[in-house]
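Subject: The structure we talked about

Hi there,

Here is the structure I promised to send over. Have a look at it first, and then read on for my notes.

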Amino acid sequence: MARKVRSKTAEFFKHLFICVILLFAFIPFYLMLNISLKDNEQFFNNPWLPSLPFHWENYVYGWNYIGGKIFNTAFVAMTSVAFTLIFAVVGAYFFARFKMPGSKFLFLVFTILMMYPGVANMVPMFKLISSLGLYNSHWALIIPAIAGGQAFNIYVLRNFIEDIPQDLFDAIEIDGGSILQQIWHIVVPMSMPIIGTLAILSIIGQWNNFISPLLYLRDDNLQVISVALLYLDGEYTKQWGQLMAGYTIASIPLVVMFLFCMKLFVRGLSAGAIKG
């Protein structure tokens, strides 16, 4: 009986702890939605609770200001993530399956790039982008993102590819399959959970990228959503409702993506926990 009481008590405090964590996680999201339907007077009078009338025109203003930037951000994110993962899968396959003298040392040197802070190469990267004629184009964001994402993605994917049984690769080789066929028919299907997880993390990183578009993009019609939200803030007076409406619109694509890809994301994390 005492053991049962202790078990229920522990279960209660465990759920209480989870509820407290969720409360702190959802309070900012609730406040963003609540303030997005207010004008400044309603916000200053009562920022915590909803108040009538609701100002839906804040969302119209927010969409008119950042709607086009969402498509720019989606293009940059999808293109960079697609090429990043293609090159990362091929590179991880090389490090996992080709054993040559010095390959472990080469992989170690390659993974050191993960420790290199991106802000340290801003000046040489800006000069390189300008000299290549990529300044003020989306490729100024895409190409550095492809190169910068290789170290982490290859590091993660290499461990998964090493755990794939060699017999599967031997079977394709016996049938005359090429290296690309091995990657397409074996590596990609069996590593799909972690590839999906890396894709989600990369898209979130590109969606929230702020420094690079601020440096490399000049025209407003090319700008991405992270910088557009900065300019949505008023120069002298903050229109909090319009600002929060813009943030809400900007967060919707990521929320929808995560809801549809949640199962794949959890499978990738679970596979990493088992294999790691």
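Which backbone oxygen does the side chain of Ser226 reach? Please keep in mind while you look that this is a predicted model.

The partner is Asn209: the side chain of Ser226 comes to 2.5 Å from the backbone oxygen of that residue. Ser226 is found in helix H12. With a relative accessible area of 14%, against a cut-off of under 20% for buried, Ser226 counts as buried. Setting aside neighbours within four places in sequence, the residues in contact with Ser226 are Trp207, Asn208, Asn209, Phe210 and Pro213.

Trp207 also turns up in a longer-range pairing. Gly67 and Trp207 are 140 residues apart along the chain, and their C-alpha atoms are separated by 14 Å. Gly67 belongs to helix H3 and is buried, at a relative accessible area of 3%.

Now for the inside of the protein. In soluble globular proteins, nonpolar side chains tend to be buried together. Here, the largest nonpolar core has 47 residues. The residues with the most contacts inside this core are Ile66, Val89, Leu157, Val187, Ile194 and Ile225. Two or more core residues come from each of these helices: H1 (2–35), H3, H7 (150–162), H8 (166–174), H9 (179–190), H10 (192–207), H12 (225–232) and H13 (240–275). H3 is the biggest contributor, giving twelve residues. If you would like one residue to centre your view on, try Ile66: beyond its neighbours within four places in sequence, Ile66 is in contact with Ile225, Ala228, Leu229, Gly246, Ile249 and Ala250. Another core, of ten residues, lies apart from the largest one and includes Ala140, Ile146, Tyr216 and Val224.

H9 is a good helix to check by hand. Its twelve residues should span 16 Å at 1.5 Å a residue, and the end C-alpha atoms are 16 Å apart, so the two values agree. Buried in H9 are Gln182, Ile183, Ile186, Val187 and Val188. The buried residues of this helix pack against H3, H7, H8 and H10.

Finally, the rings. There are 13 aromatic pairs in the structure. Tyr61 and Tyr65 make a stacked pair, because their planes are at 15 degrees, with the ring centres 6.4 Å apart, and planes under 30 degrees apart count as stacked. Both tyrosines sit in H3 (residues 57–97), four residues apart, which is about one turn of the helix. Tyr61 is partly exposed at 37% relative accessible area, and Tyr65 is partly exposed too, at 28%. Phe126 and Tyr135 form an edge-to-face pair, at 5.7 Å centre to centre and 75 degrees between the planes. Phe126 has a relative accessible area of 33% and is partly exposed; Tyr135, at 30%, is also partly exposed.

Two more things to look for among the rings: Lys69 lies over the face of Tyr65, 5.7 Å from the ring centre, and ring pairs join Tyr93, Phe94, Phe95, Phe98 and Phe169 into a cluster.

Happy browsing, and do write back with any questions!

Best wishes

Methods
Residues are numbered from 1 along each chain as its sequence is written. This is a predicted model: local features need pLDDT of at least 70, side-chain atom pairs count only at pLDDT 80 or more; totals for chains, interfaces and linings use all residues. Side-chain values use heavy atoms; hydrogens and water are left out. Rings of Phe, Tyr and Trp (its six-membered ring) pair if their centres lie within 6.5 Å; planes under 30 degrees apart count as stacked, over 60 as edge-to-face and the rest as tilted. Buried means under 20% relative accessible area, exposed over 50%, partly exposed in between (1.4 Å probe, protein chains only). A charge sits over a ring if NZ of Lys or CZ of Arg is within 6 Å of the ring centre and within 35 degrees of the ring normal. A nonpolar core is a set of buried Ala, Val, Leu, Ile, Met, Phe, Trp, Tyr and Cys residues joined through side-chain atoms within 4.5 Å. Contact means heavy atoms within 4.5 Å. The expected span of a helix is 1.5 Å times one less than its number of residues. A polar contact is a pair of N or O atoms within 3.5 Å; within protein, one must be able to donate a hydrogen and the other to accept it, and residues adjacent in sequence count only if both atoms are side-chain atoms.
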